[in-house]
Amino acid sequence: MSQAEVRKVRYKMGKLGRKNTLIAYSFLAPNFIGFAVFTLVPVLCAIALSLFEWNGGDISKLKFVGLDNYATIFATKKVAEKGIGYFFNRADLGIALKNTVYYTVVTVPLTIVCALALAMVLNKIKGAVFFRTVFFFPYVSSMVAICVCWSFMLMKDGPINQMIMALGINFNKSWTADGSMAIWSIILVSVWRNMGYYMVLYLAALQGIPRELMEAATVDGANKWKQFLHVTLPQLKPTTFFVSVMMVISCFKIYDVVAIMTDGGPGRSTKMLVTYIYDEAFVKVRYGQASAISMVLLVIVLLVTIIQFSSEKKFSND
Amino acid sequence: MKKLLAVLLAAMMLVLAIPALAEGNQVLTVVTWDATTTPYLIAQKEAFEASHPGVTIEYVDVASQDYAVKTTTMLEGGDTSDVYMIKEIDNLINWQAQGFAAPLDTTGYDMSGFVGTEKNYAVDGVQYAIPFRSDFWVLFYNKDLFEAAGVELPNNDMTWDQYVELAKKMTDKEKGIYGTHYHTWLSAVVNWEVCDGETTLADGNYDGLSYFYGIYQDLEDYGACMSYADLKASGLHYSAAFANGNIAMLPMGYWYVSTLIGYNKDGTCNFNWGITAVPHMYGMDAGSSFGNLTGAMINAKSEKKDLAWEYVSWLGGVEGAKATASVGARPAWVSEEVAAAMSSVEGFPADENSKAALLPSHVSMEWPVAEKVSDIKTIVNEEHSLIMAREVTIEEGIEEMNERVAELFQ
């Protein structure tokens, strides 16, 4: 091939490449435009807004305050004076953080255990399809309806307490109105609602475990429990990784259950990061401060995700 | 083909022109809450449209519990509805600061009938809204229950101690009768503290509330009222609770009168009831209460500000007041004429005590207009829920209120 011919081919290839790239972009565009308009731009605006004081009215009233909003939510003056204990015991952000982390740390493992147990049981049982539907049902039901029903069941004289009492335990408290139990009622509802969804993910993963592995384990004399521990669990690692990432993120964003069942109360015992953001933004109309809190949420979720992804290799099958 | 197109276009133009031909029929949009179920809103609309031919009031209905949040979002989004009704005074104060409320020119407009309450809607001497309802708290009672028990009816001059005694006397656990009922709100339990006209809930000192929390806990322990925890969990509304007919007394805002009259009419409840002034502290004048204002402002973005002013000024004035009173609601405009209209409503209790309860000796504002009042509200309400659920003792809860509110101002 002469030099000119080579150039011609390269030119053609380049043209084709550009064309292909353009086609690829055109396929991505609808999704990206939606993401940019409804997520990316608002996120960037929120980052900027967290440095301003603004009550939502005329845009000309935006007042640059630097890091003041952060100083307010972290109660820096008080913390400097009274120590870090003040932040976690008195400041709204500290309490909301504490509650949210507590909720996440309990809900994520609990949901995974329940979902996995359900999946194991329903993997081979007779009538599995029926039960799978039953357990998946809460996930597709209306959140408000679920929360209202659970509120009734968790009342002082409600069915749940009556069952506990029937076991001979003297338990006579309204779950949602009790400072130490309220967060547990939220955990309970969240676990109950979400386990069906994650069960389906685990079921799919269980189907994908090669039969040969199980057979080999049986031949080697492993009992059911050992099979589960040394074959099934390691094979489910990628699913567990995916489930835990998704759940941690969604747990940090908990809002609906709290808003319907306890409204952050009693006191501040179920105040979460997102309910706090809502309160600052829409009830007290302080958008700057609310944006600052959402930046805290953003950083936390980002950190958790980075940590999880950096340890992803440990979770892969190979 | 061309002909057909021309005919179609002409037809379309005609259709588009019809509303324009009906010019003269102006529509005024008014943002409010519970428009279809609130009797006074229906009465006001009918009366205004009757006296202003060619004008139609169109309500934009917003759910009552979301009102402040939803309307603020609407205004921020550049909504052009002409009139916004105001549920809480601090909404207006916020909206004014945000530039959503049009300043009102009240020269020549008689505001004497508002007896000074309109000043709550003024910022730096400029009026931004006109009050049209002024509710104060009264004590509702179920006459039939009192008569069946042979107990003397509550009267307009009772101390809180007498009230507690009466509530206990009326309690009958076997029949499932509660002596009284406390809705979960802060206002229903301890707001009485402000009735003296000097104390406000934004003062930063909440020691005085312990007396009323004490009363509540005493009654709850006795079984004279439903427990806060259950009410909170079940979300039972006070209106349904009292209408059940097993509650002897209920301290509640005057607005409940029109609801009860309606309930009597449609058969939701069928007992006789009455109202008296709320009990008072020992050594204080009988008949003092606290209350709240409801008003209307004109949206700064409205394109029909003149018509909107016509409506808002009518709503607050004597004619609007009569319409409001005609269904049992209490207008902000106070005059004998209006009081007569209130007590002559069909279904209003006929006894002299109930009529006398219409004229409180003094009405304080439930919450004052004050710096950081929305933060104070949040704190006091959070601690309120802890005290009510008995998570903390009364003393601990009040100490927290005092400390946390003080921290706001440090």
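**Exercise 1. Find what share of chain A is buried, then decide how spread out the chain is.**

*Solution.* Start with burial: of the 318 residues in chain A, 30% are buried. A residue is buried if 20 or more other C-beta atoms lie within 10 Å of its own, exposed if 12 or fewer, and partly exposed in between, with C-beta atoms placed from the backbone.

Before going on, note that this is a predicted model, in which local features need pLDDT of at least 70 and side-chain atom pairs count only at pLDDT 80 or more, while totals for chains, interfaces and linings use all residues. Residues are numbered from 1 along each chain as its sequence is written, and chains are lettered from A and ligands numbered from 1 in the order in which they are written.

Next, look at the make-up: chain A has 16 helices and two strands. These are DSSP runs numbered from the N terminus (helices: H or I, at least four residues; strands: E, at least two). Chain A has a radius of gyration of 26 Å, well over the 20 Å from the globule rule for 318 residues, so the chain is more spread out than a compact globule. The radius is taken over C-alpha atoms, and the rule is 2.2 Å times the number of residues to the power 0.38. Finally, the C-alpha trace of chain A spans about 90 × 75 × 40 Å along its principal axes.

**Exercise 2. Place A:Arg10 and say whether it is buried or exposed.**

*Solution.* First, locate A:Arg10 in helix 1 (residues 3–49) of chain A. Then count neighbours: A:Arg10 has 10 other C-beta atoms within 10 Å, so it is exposed. Last, compare positions: A:Arg10 and A:Phe282 lie 272 residues apart in sequence, and their C-alpha atoms are 59 Å apart in space.

**Exercise 3. Trace how strand 1 and strand 2 of chain B are linked.**

*Solution.* Begin with the pairing: strand 1 (residues 26–33) and strand 2 (residues 55–62) of chain B run parallel and are joined by eight bridges. Strands pair if DSSP finds at least two bridges between them. Now follow the chain: from strand 1 of chain B, the path passes through helix 2 (residues 39–51) to strand 2, a right-handed β-α-β crossover. Right-handed means that, with the strands pointing away from the viewer, the path from the first strand over the helix to the second runs clockwise.

**Exercise 4. Classify B:Tyr211.**

*Solution.* B:Tyr211 sits in helix 8 (residues 209–222) of chain B. Its 14 C-beta neighbours inside 10 Å make B:Tyr211 partly exposed.
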